[in-house]
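The exercises below ask you to read secondary structure, charge pairs and packing from a model, and each is followed by a worked solution. Please try each task with the sequence and structure open before reading on.

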Amino acid sequence: MKYAVVDMGSNSFRLAIYRFEKNKLSIMLRQKEAIGLARYVKDGDLSSNGTRKATKALGDFLRIARRFVDEENIHVFATASLRGVNNRAKVLKILKAETGIKPLILAGEEEALLGFAGASHSLPPESKRGIYLDIGGASTEILEFKRDKQINAISLPIGSLNLFMNNVSHLPPNKEELRKLKIEIGKQFDSFTWEKKKTPLMLGVGGTARASAKLMRKYFDLPKECELLETAHLDELVKLLASGDKKLFQIVVQWLPERTLTILPGMLILNEAVKRFEVQSLLVSSYGLREGYLLERVIRRPDVVLDSN
């Protein structure tokens with residue numbers, strides 16, 4: 001059996017095609033298009049230009065998916081890219097008319113639960129508790145877990161792209177812009193009342209987490225196979241990025257060009273979570289929301305093995 005999943009995110013749209021056989025789920029194809037949909041939200045509405053870009057990107061991905069996968073096995077969902085816009089009904093109607101598919105809108109907490117369902121397959125057997133974190137373009141999902149079970153889950157309306165769009169006009173951000181970023185991030189982390197106790201592990205997914213891990217390995221010359229990363233390295237990189245360090249900025253431009261604008265806002269969110277929960281180590285999972293959606297909503301078998309190749 002083959003499945004296709006299109007994830008319409010605020011920063012990027014992603015297509016993944018999977019093969020499911022002998023109780024194993026393996027990836028066949030991945031594609032990404034960074035359209036930055038959050039940039040096209042004005043006064044709470046997705047602009048007509050943003051709607052056109054979303055329609056084209058979705059249509060392109062669906063044409064690819066339909067070459068490999070039966071129509072009933074193609075799944076499309078949107079996250080903060082569409083759930084918070086005022087004209088969501090109009091946009092969904094256009095998407096349905098133009099592409100033949102009306103995307104499912106995932107609620108914030110639902111996104112956190114499904115993302116953790118996928119990412120938890122990366123957890124080492126000895127993991128007892130930790131924090132799951134997914135920083136997107138327009139929202140951040142946080143989930144507290146014990147072993148493989150969730151305890152608390154929340155979605156915050158801040159992400160790497162909307163923070164940049166709303167607060168930054170310089171690169172790197174000037175002192176006043178940095179202050180505004182930190183105030184907004186702090187305000188959101190103050191808004192929920194979990195007991196933020198010392199946490200041994202953070203399980204990170206999404207573009208910011210992957211980019212941060214890549215940056216830490218490049219800057220500190222860590223081996224590629226190094227999976228558990230020290231959060232002290234993250235704090236040092238955030239300070240260097242905020243100061244406009246030229247060496248680090250060159251690494252970003254060379255290795256993460258698509259993250260040049262959003263890497264610092266995203267890493268500020270990540271570092272705030274690390275500090276609030278006193279996280280010791282960061283593990284970045286290659287699995288996440290798309291796999292979790294398939295496992296929980298489609299396949300619905302708890303013993304499925306995710307192929308890491």
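Throughout, a residue counts as buried under 20% relative accessible area, as exposed over 50%, and as partly exposed in between (1.4 Å probe, protein chains only). This is a predicted model, in which local features need pLDDT of at least 70 and side-chain atom pairs count only at pLDDT 80 or more, whereas totals for chains, interfaces and linings use all residues. Residues are numbered from 1 along each chain as its sequence is written, and side-chain values use heavy atoms, with hydrogens and water left out.

**Exercise 1. Salt bridges**

Task: find the salt bridge that E144 makes with K197, and state which parts of the chain the pair ties together.

Solution. Begin with the criterion: a salt bridge is a side-chain nitrogen of Lys or Arg within 4 Å of a carboxyl oxygen of Asp or Glu. Side chains of opposite charge can pair when their charged atoms come close. The side chains of E144 and K197 satisfy the criterion, with an N to O distance of 3.9 Å. Next, place the partners: E144 lies in strand β9 and K197 in the loop between α6 (175–190) and β11 (201–205), so the pair ties together parts that are 53 residues apart in sequence. Finally, consider the surroundings of each partner: E144 counts as buried at 10% relative accessibility, while K197, at 35%, counts as partly exposed.

Task: carry out the same steps for D235 and K275.

Solution. The side chains of D235 and K275 meet in a salt bridge at 3.4 Å, N to O. Because D235 lies in helix α8 (residues 231–242) and K275 in helix α10 (residues 263–276), this pair ties together parts that are 40 residues apart in sequence. K275 counts as exposed, its relative accessibility being 52%. Elsewhere, salt bridges that share partners join K56, D60 and R63 into one network, and the structure holds 14 salt bridges.

**Exercise 2. Strand pairing**

Task: with which strands does β9 pair, and in which sense?

Solution. Helices (H or I, at least four residues) and strands (E, at least two) are DSSP runs, numbered from the N terminus, and two strands pair if DSSP finds at least two bridges between them. Take the partner that precedes β9 in the numbering: strand β8 (residues 129–135) pairs with β9 in the antiparallel sense over seven bridges, with R129 having K146 as its bridge partner, and a hairpin of four residues joins these two strands. Then turn to strand β10 (residues 149–156), which also pairs with β9 in the antiparallel sense over seven bridges, K146 standing opposite K149. The hairpin of β9 and β10 has two residues between the strands, and R147 there takes a positive phi near 55 degrees. As for cover, six of the seven residues of β9 (residues 140–146) are buried.

Task: describe the pairing of β6 and the directions in which its residues point.

Solution. Strand β1 (residues 2–8) pairs with β6 in the parallel sense over five bridges, and F77 is the bridge partner of D7. β6 also pairs in the parallel sense with strand β7 (residues 104–105), over two bridges, where A78 stands opposite I105. In a regular strand the side chains alternate between the two faces of the sheet. In β6, I74, V76 and A78 point one way and H75 and F77 the other, and all are buried. Five of the five residues of β6 (residues 74–78) are buried, so this strand is largely enclosed by the rest of the structure.

**Exercise 3. Nonpolar cores**

Task: which residues of the largest nonpolar core touch the most other members, and which element gives the largest share?

Solution. A nonpolar core is a set of buried Ala, Val, Leu, Ile, Met, Phe, Trp, Tyr and Cys residues joined through side-chain atoms within 4.5 Å. The largest one has 43 residues, of which I142, M202 and L215 touch the most other members. Its largest share, eight residues, comes from α10. To examine one member, set aside the neighbours of M202 within four places in sequence; its remaining contacts (heavy atoms within 4.5 Å) include I131, L133, L270 and V274. A second, separate core of 28 residues includes L15, I64, A65 and V76.
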